[in-house]
Amino acid sequence: MVTLDEASNIMFKLAGAVPAIEPARCTKVRHKLSRCSACVDACPTGALSVEDNEIVVDKTICLGCGTCSVACPTQALTSKTSTHSFNELIEVSLNSDYLDSTETEQTNKVLWLACSKHQLAKLGSRHLEAIPCIGALDEAQLIHFAAKGIDELRLLTNSCESCPLASAGEYFCKTYRGSQELASKWGLTLIVQHIQEENGQESAFPYLGDGYSRRGFFGSVKQELQKSSLAVAESAIEQHFDEQREKMQWRTRLLNEEGTALKRFSIPRNDAILDALYSAERQPAQTETIQPRFAGRLNINHNLCTDCGLCAFFCTTGTLKKLGKDIAQSVARNADNKNNSEAQNTSCANATTPAGAAPKPATHEFRACDCAQCYLCVDACPNHAIKLDRELSVAELFELEPQAI
């Protein structure tokens, strides 16, 4: 007879799929000189590599933890968890009164998640949701929890120290710190309690009564196995056709429909963070400085820039654009007029400054909120004329008009 552990492991193997890959989003696929190795560095099993402009996943050792999808700045890799908002679980958590061991009502709104290896991962409770690994949680989800009114996140896992995905747990700590440093500026806080429990140990989870019976559990296992079998079959078919398309249409995966430029992408994770911060009740001063993992302040050294346009051509999100000649001249004239006006108002004490010394014309435009902070523009520039600064103001983060640079 199949045991609960064996059934859980079967489901995990079938459902714990490798991440979905969108090669055109990957900076190393777009340009061989990209310095990015975020996914490779984050993978706890060494299943990822990028070779010859191609993302390679060793499916024999990938455990589907989802950490790579969190690490990737352009979301070239995505897992089911990375696009999950947990809205139904949030609603249940907000409307539940959690009682601790002393049976006194807690004021905190607590949301419970369990890693796939935890004994309660297949419980079926409406108060608990299973995720592949805590490393699959990203900043957007953590900030989303806080923005929706969740006070505390409790993560149930087995011992992470003995888990092959131990480094994924460490990566989550980094993700959590980054999310809180950013969210705290908007008055959003989320307490995280990591509870490590061994199988057979009495769990801290308080809603054990609303889970499956043993018969109900195996009924759900049967349904999940059927779904997973279909998913595996679909994945095999898709992989076959992907390999065929790979041989025939490698270029079309990168180029737009016109075949004139590389594809551009929005970053859903970053958009979700911006939406959560914008809707927060407390808003920081516009001059407040932040250092998010995305966005940034871009500067071009026009003494080094040859206006080749490679930075804009390779930009993953299209937030960096090369200005046309007429537009660039217009921007230069406006800057010149502003400079002359300021020079005429200069006091006599500063009259030695040459009047009319216009700055070199802007050649590009850039919008900070759309930047993925992947550094591809920096790496693609042959003259090292571009600098990306992580620190920027709140006003710059939410500025919708592209800035000429």
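The chat below goes through sheets, a helix, aromatic pairs and one loop residue of a predicted model.

Reader: Before we start, what are the ground rules for this predicted model?

Author: In this predicted model, local features need pLDDT of at least 70 and side-chain atom pairs count only at pLDDT 80 or more, while totals for chains, interfaces and linings use all residues. Residues are numbered from 1 along each chain as its sequence is written, and side-chain values use heavy atoms, with hydrogens and water left out.

Reader: OK, what is the strand order in the open sheet of 4 strands?

Author: The order is 6-5-7-8, with parallel pairing, where two strands pair if DSSP finds at least two bridges between them, and where strands (E, at least two residues) and helices (H or I, at least four residues) are DSSP runs numbered from the N terminus. Strand 6 and strand 8 (191-196) stand at the edges with a single partner strand each, so one side of each has no neighbour in the sheet. From one strand to the next, the twist averages 25°, with axes being lines fitted to C-alpha atoms, for helices over the stretch in contact, and angles running from 0 to 180 degrees between N-to-C directions.

Reader: And how many bridges join strand 5 to strand 7?

Author: There are 5 bridges between strand 5 and strand 7 (residues 152-157), which run parallel; among the facing residues, Trp112 has Arg154 as its bridge partner in strand 7, and Ala114 stands opposite Leu156. With strand 6, strand 5 pairs over 4 bridges, also in the parallel sense, and there the bridge partner of Leu113 is Glu129.

Reader: Why is strand 5 described as largely enclosed?

Author: Of the 6 residues of strand 5, 6 are buried, so the strand is largely enclosed by the rest of the structure; buried means under 20% relative accessible area, exposed over 50%, and partly exposed in between (1.4 Å probe, protein chains only). Val110, Trp112 and Ala114 point one way from the strand, whereas Leu111, Leu113 and Cys115 point the other way. In a regular strand the side chains alternate between the two faces of the sheet.

Reader: What does helix 5 touch on that sheet?

Author: Helix 5 packs on the sheet by touching strand 5 and strand 6, and its direction makes about 135° with that of strand 5; contact here means heavy atoms within 4.5 Å.

Reader: Which residues of helix 5 are buried?

Author: In helix 5 (residues 87-94) the buried residues are Leu89, Ile90, Val92 and Ser93. Seen down the helix axis they fall within an arc of 165°, so they line one face of the helix, the arc being that of the directions from the helix axis to the C-beta atoms. Those buried residues pack against strand 5 (110-115), strand 6 (128-131) and helix 6 (139-147).

Reader: Switching to aromatics, how many pairs are there?

Author: The count comes to 7 aromatic pairs, where rings of Phe, Tyr and Trp (its six-membered ring) pair if their centres lie within 6.5 Å, and planes under 30 degrees apart count as stacked, over 60 as edge-to-face and the rest as tilted. Phe172 and Tyr176 are one of these, with ring centres 6.3 Å apart and planes at 20°, so the pair is stacked. Both lie in helix 7 (residues 166-183), 4 residues apart, about one turn of the helix; Phe172 is buried at 5% relative accessibility, whereas Tyr176 is partly exposed at 22%.

Reader: What about Phe313 and Phe314?

Author: Phe313 and Phe314 form an edge-to-face pair, at 5.1 Å centre to centre and 90° between the planes. Phe313 is partly exposed at 32% relative accessibility, while Phe314 is buried, with a relative accessible area of 13%. Elsewhere, Trp112, Phe205 and Tyr207 form one aromatic cluster.

Reader: Last topic, where is Gln286 found, and which residues does Gln286 touch?

Author: Gln286 is found in the loop between helix 10 (268-278) and strand 9 (289-290), and Gln286 is partly exposed, with a relative accessible area of 47%. Not counting residues up to four places away in sequence, Gln286 touches Ser393, Val394 and Ala395. The C-alpha atoms of Gln286 and Glu396 are separated by 8.2 Å, although these residues are 110 residues apart along the chain.
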